[in-house]
Amino acid sequence: MRYFIEFSYNGQNYFGYQIQPNQISVQQELETALSTILREDIKTTGAGRTDTGVHAKKMFAHFDTHQEISGKLPHQLNSFLPPDISVKRIFGVKDDFHARFDATYRTYEYYISLDKNPFTQNSAWQHWKRALDIGKMNEACKILFEYDDFESFAKIGGDNKTNLCKIYKAEWEQSGTELKFTVSANRFLRNMVRAIVGTMVEIGTGKIQPEDLRNIIEAKNRSSAGTSAPAHGLFLVDVGYDFD
């Protein structure tokens, strides 16, 4: 039987979600906990992978087992897992339903602190030395909808089979001294959100203009875009599925 697991994690202490040799990962912690409790070798497939230091408020993975899962399993897992990983729920799905390939959209949020804030050092980019023009950054967001090839924001040497993505939402919102960027798409390239944010901040500081974003995207060259924003400000906040 196939089961979906919904969970969240603080990525500060992990080298990303996906298992890596000789590095601690969220997937490794999750599989170790599941295998120990269920007393069988459990392998999970995540909805995607997050880079080192990136967080997830809502993440999904699937796993297969011959056992019928008890409703107590989420509680058991939370007792076993470290404090920075939390399981929300586990539920059965069709045997061929896939956490990665059946996802219809993914949504990320990126946080910037406009003041020096000691309480968000590990959850927001501390960008208080130079002012940001939010209006220009949102003007640039509208340009993203004009394109579907985002090679300029992809990690160099990545294993993407295609650079095509359909962005459904992209906007900046300010609440007090906190700035939040929300972006939703059918898929994302590795490092894409952080590269977009870094480029948007260059627009916000006046280093480049909103209309320059078109030339950056059309160049299809990572060196044309801005420096990637720090990982700790990035959160995966939603993954959409059609479970019916």
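Contact here means heavy atoms within 4.5 Å, and helices (H or I, at least four residues) and strands (E, at least two) are DSSP runs numbered from the N terminus. With those two terms in hand, let's start the tour.

This is a predicted model, in which local features need pLDDT of at least 70, side-chain atom pairs count only at pLDDT 80 or more, and totals for chains, interfaces and linings use all residues. Residues are numbered from 1 along each chain as its sequence is written, and side-chain values use heavy atoms, with hydrogens and water left out.

**The whole chain**

Begin with a cartoon of the protein chain, where you will find 5 helices and 9 strands. Follow the elements from the N terminus and they run β-α-β-β-α-β-β-β-α-β-β-α-α-β. The C-alpha trace spans about 55 × 40 × 35 Å along its principal axes. The radius of gyration, taken over C-alpha atoms, is 19 Å, which agrees with the value near 18 Å for a compact globule of 244 residues (the globule rule is 2.2 Å times the number of residues to the power 0.38).

Now colour by accessibility. Buried means under 20% relative accessible area, exposed over 50%, and partly exposed in between, with a 1.4 Å probe and protein chains only. Of the 244 residues, 51% are buried. Among contacts with a separation of 6 or more, 73% are between residues 24 or more positions apart.

**Helix H5**

Select residues 212–219, which form helix H5. Which residues of H5 are buried? They are Leu213, Ile216 and Ile217. These three cover an arc of only 95° around the axis, so they are on the same side of H5; the arc is that of the directions from the helix axis to the C-beta atoms. Add helix H3 (134–144) and helix H4 (192–204) to the selection, as both are included in what covers the buried residues of H5. Then step to Lys220, which follows H5 and has a positive phi, near 50°.

**Into the loop before H4**

Next, pick Asn191, in the loop between strand E8 (178–185) and H4. Asn191 has a relative accessible area of 14%, so this residue counts as buried. Show its surroundings: leaving out residues up to four places away in sequence, Asn191 touches Asp51, Phe153, Lys155, Arg222 and Ser228.

**Gln27 in helix H1**

Move to helix H1 (residues 26–38) and select Gln27. Is Gln27 buried or exposed? Its relative accessible area is 10%, so Gln27 is buried. Apart from neighbours within four places in sequence, its contacts are Tyr17, Gln18, Ile19 and Thr44. Try a C-alpha distance to Gly46 as well: Gly46 is 19 residues from Gln27 along the chain, and the separation is 8.0 Å.

**The aromatic rings**

Switch on the side chains of Phe, Tyr and Trp. Rings of these residues (for Trp, the six-membered ring) pair if their centres lie within 6.5 Å; planes under 30 degrees apart count as stacked, over 60 as edge-to-face and the rest as tilted. Searching the whole structure gives 19 aromatic pairs. Zoom in on Phe60 and Tyr241, an edge-to-face pair at 5.3 Å centre to centre with 85° between the planes. This pair links distant parts of the chain, with Phe60 in strand E3 (residues 55–64) and Tyr241 in the segment after strand E9 (234–240), 181 residues apart. Phe60 is buried at 2% relative accessibility, and Tyr241 is buried at 13%.

From Tyr241, go on to Phe243: the ring centres are 5.3 Å apart and the planes lie at 35°, so this pair is tilted. Phe243 is partly exposed, at 36% relative accessibility. Extend the selection to Phe4, Phe60, Phe91, Phe97, Tyr241 and Phe243, which ring pairs link into a cluster.

For a charge over a ring, select Lys57, which lies over the face of Phe235 at 5.1 Å from the ring centre (the criterion is NZ of Lys or CZ of Arg within 6 Å of the ring centre and within 35 degrees of the ring normal).

**Last stop: Gly92**

Finish in strand E4 (residues 85–93), at Gly92. Gly92 is exposed, with a relative accessible area of 51%. Beyond residues up to four places away in sequence, Gly92 touches Arg2 and Tyr3. Zoom out and draw a line to Asn215: from Gly92, the C-alpha to C-alpha distance is 46 Å, across 123 residues in sequence.
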